[in-house]
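Me: Please take one part of this model and go through it closely. State the criterion behind each term as you use it.

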Amino acid sequence: MIEHLFIRARGATGQQSHARVQVVAGQGIEGDRYFGAHDEPGQNITFVEAEQIEAFAATCGRALPPSATGRNVVVRGVRLNDLVGQTFRVGGLRFRGVELCEPCLGLGAALAADDLTPAKVVRHWVRRAGLRADALDTGPLAVGDGFSHTPPLAEPTPAAARPEPQVSLREIGSDTVRQITALSVREDQKHFVATNAESLAEALFKCEAWYRAVYLGDTPVGFVMLFDETQREPPTPQPGIGLWRFMIDQRYQGRGIGRAALQLVIDRVRASGRHDRLQVCYVPGPGCAEAFYLAAGFQHTGREDDGEVVLELPLTGHDSPSRAPEPAQAPAATPGPAPTADAPALNLAFTALQALTLYALAEHQTGGASTLWITLDGPAFSIRDDGRGHALDKQVAGTPYLRCIYSAFDYPYDAAGPTPVQLQGIGLSMLNRLCAELELTVRKPGETLTACFRHGRPADMVHQATPAGPTGITLRGRLRPDLPTGPAADSLSHWLQGLLAVQPALRVVFNGRELRARPGSAD
C-alpha cells in the first residue's frame, strides 16, 4: 500500500508531499523533475519500502522523514526487488519494474552522520534503496492505493536473505563469442568501459589476461577480465592482480547480477592464495561505478592511473590496511637523513587541522563565528563553526564558488581574477587533494548544502530545504592512506590552547572537551 507520495519540481531544493498525483504513461509524474526524461531506464517513477527506511533509522539511531531517500512513492508490505522485470498494478494503474534504484553518492551524502560516512550509507542501501519503474497507464495515484499481484509481507525480507540470481562465470568459445561481443552497456555508460570486442582483441596480446562471460542461468549477460601477473613467464616477484574490464548488458542491469558476478571474481582471486589485494580503476563522473565498488568493500588508495581512480579490496582479512600497489620494478629508494630525537614526526592530519582552524579564525575575526568544534582521530578529522557559512549561489568567473575554492587546481586563473578567492582556493584545494574524502556541509537559514569530494575532485552535491537552525560550516575528512598520520591529539590540543591565549573571545571544543588558554602562551 502507498503510504506517501512525493514530487520534486525542477530547480526545487526538496520534495513536496502530496495526497494524490497524476501519472502519464511513458512520461512519469506531472510536475516532477524527471517528468518526460529518458536519460536512464525507469525514470518515470521510483518506489521505496517504508520498512527499509525504518530499518536504516534504527541502525543509525536517529529519526528519518519518509522523504529521506528521495524516491517518489513510499510503500509498505511489498517486496519491491521481486518486481524487476514484472508488470504490476497500483490502484488503477499498471507499471513495469525496470531495475533496482541502487544508492548513489548523493544519497550517501544526504544520510551521512558524524559516525556514518557516505560510503557506509551507500553500502547499507545496496539492494534496499527501491525500484525504478515505467508507467504503462495514465491516471491518478493516491495515498492508500494498494498493490495487486504482489505477495504482502508482514516484515521486510533482509537484503542478505533474499535469493541471489543464478549467476556463473563461463569460458568463451567459438560458439559463444558472437553472443558476448553483442552485449552492450547503455549509451550513457559507453565512455566508462571498452566494448567486449575490444577487450577480447587486447586479451590476444596480453599473457596476463584472464576472462570469462557472465551468465544468468544459460543466458550470457556480461563480461569480466582480470589482469593477473601470476600468468607471466617468468613470474613476477610480487605479482599483482586487477579487475581490468567488467560490464553487464543494459537489459540485465539493476537485478543484482553485477554484484553476484563481482563476488564470484573476488572469491576466485581470494581462493588462489596468491594475492593480498584486488585492484580496480574507474573513470570518475556522473553515473560512474564508484558507489558499486565501494559497496563491495573496495577502498580508495589516493592514487590515479591515467585519469582513472584506483581502488583496492584487501583480501587477507577485513581489517587489512589499504596500501598503494608497488610497481613491478620499483626504483631503489634513496635513504634520507635519520630523524633527530627532537624532530617531530610529520603528521598531516595535525597540519590539516591547523590550516582549517586558521581559516575558521578569519571567520571569527570578522564577527561571523564564536565557537569551533574540532575532532581528530588518526587520519580522520572534522571542524565545525557557527558562522555565516559560505555563499551558496555565488559564482566566480562562471564557476560555482564552492567548486572553485575546493578544486581550484582546475580553475582557470587569469590576471583579472579575484586574488583573495584565488588564494583561498589554492589553500583549500591543496588540503582537499591530500584527502581520500572530504565532505563540506554549509548550513544557512532554511537550507543546507552538502558537497562531497573524492581525491580533491567534486563527487556529488546535494542542496535541500531544512528547518531553520544554527548556521555555519562543517568539514569532515579522511586523509589518503599513503600519507603519514599518527597520535597527534596532545600536540594539537597544546597548539589550540596557545591560539586561545591571543584570541580570548574564541571558544574551542576539542574532542568533546572545551579548552582553556595555556598560561604564558600569549607571548
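The part in question is the open sheet of seven strands, together with what packs on it.

Reply: The model is predicted, so local features are reported at pLDDT of at least 70 and side-chain atom pairs only at pLDDT 80 or more, while totals for chains, interfaces and linings use all residues. Numbering starts from 1 along each chain as its sequence is written, and side-chain values use heavy atoms, with hydrogens and water left out.

Strands (E, at least two residues) and helices (H or I, at least four) are DSSP runs numbered from the N terminus. Two strands count as paired if DSSP finds at least two bridges between them. On that basis the strand order is β12-β13-β14-β15-β16-β18-β17, with mixed pairing in an open sheet. The edges are β12 (167-170) and β17 (299-305); each has a single partner strand, so one side of each is without a neighbour in the sheet. From one strand to the next the twist averages 30°.

Further in, β13 (residues 209-216) runs antiparallel to β14 (residues 219-228), and eight bridges join them. Within this pair, arginine 212 stands opposite valine 224 of β14.

Two helices pack on the sheet. Contact here means heavy atoms within 4.5 Å; axes are lines fitted to C-alpha atoms, for helices over the stretch in contact, and angles between N-to-C directions run from 0 to 180 degrees. Helix α5 (residues 196-203) touches β13, β14 and β15 (241-248), and its direction makes about 40° with that of β14. Helix α6 (residues 257-272) touches β12, β13, β14, β15, β16 (277-282) and β18 (308-314), with a direction at about 160° to that of β15.

The loop between β14 and β15 holds proline 234. The peptide bond leading into this proline from glutamate 233 is cis, and its omega is near -5°.

On the other side of β15 in the strand order comes β16, where cysteine 281 is placed. Buried means under 20% relative accessible area, exposed over 50%, and partly exposed in between (1.4 Å probe, protein chains only). Cysteine 281 has 22% relative accessibility and therefore counts as partly exposed. Leaving aside residues up to four places away in sequence, cysteine 281 touches Asp305, Glu308, Val309 and Val310. Of these contacts, Glu308 is 27 residues away in sequence, yet its C-alpha lies 5.7 Å from that of cysteine 281. The contact residues can be placed by their ranges: Asp305 falls in β17 (299-305), and Glu308, Val309 and Val310 fall in β18 (308-314).

It remains to place the sheet against the nonpolar cores. A nonpolar core is a set of buried Ala, Val, Leu, Ile, Met, Phe, Trp, Tyr and Cys residues joined through side-chain atoms within 4.5 Å. The largest has 39 residues, and those touching the most other members are Ile374, Phe381, Tyr406, Leu440, Leu492 and Val508. Helix α8 (residues 348-365) gives the most to that core, with eight residues. Another core, of 28 residues, lies apart from it and includes Val167, Ile241, Ala261 and Ile266. Val167 is within the range of edge strand β12 (167-170) and Ile241 within that of β15 (241-248), while Ala261 and Ile266 are within that of α6 (residues 257-272).
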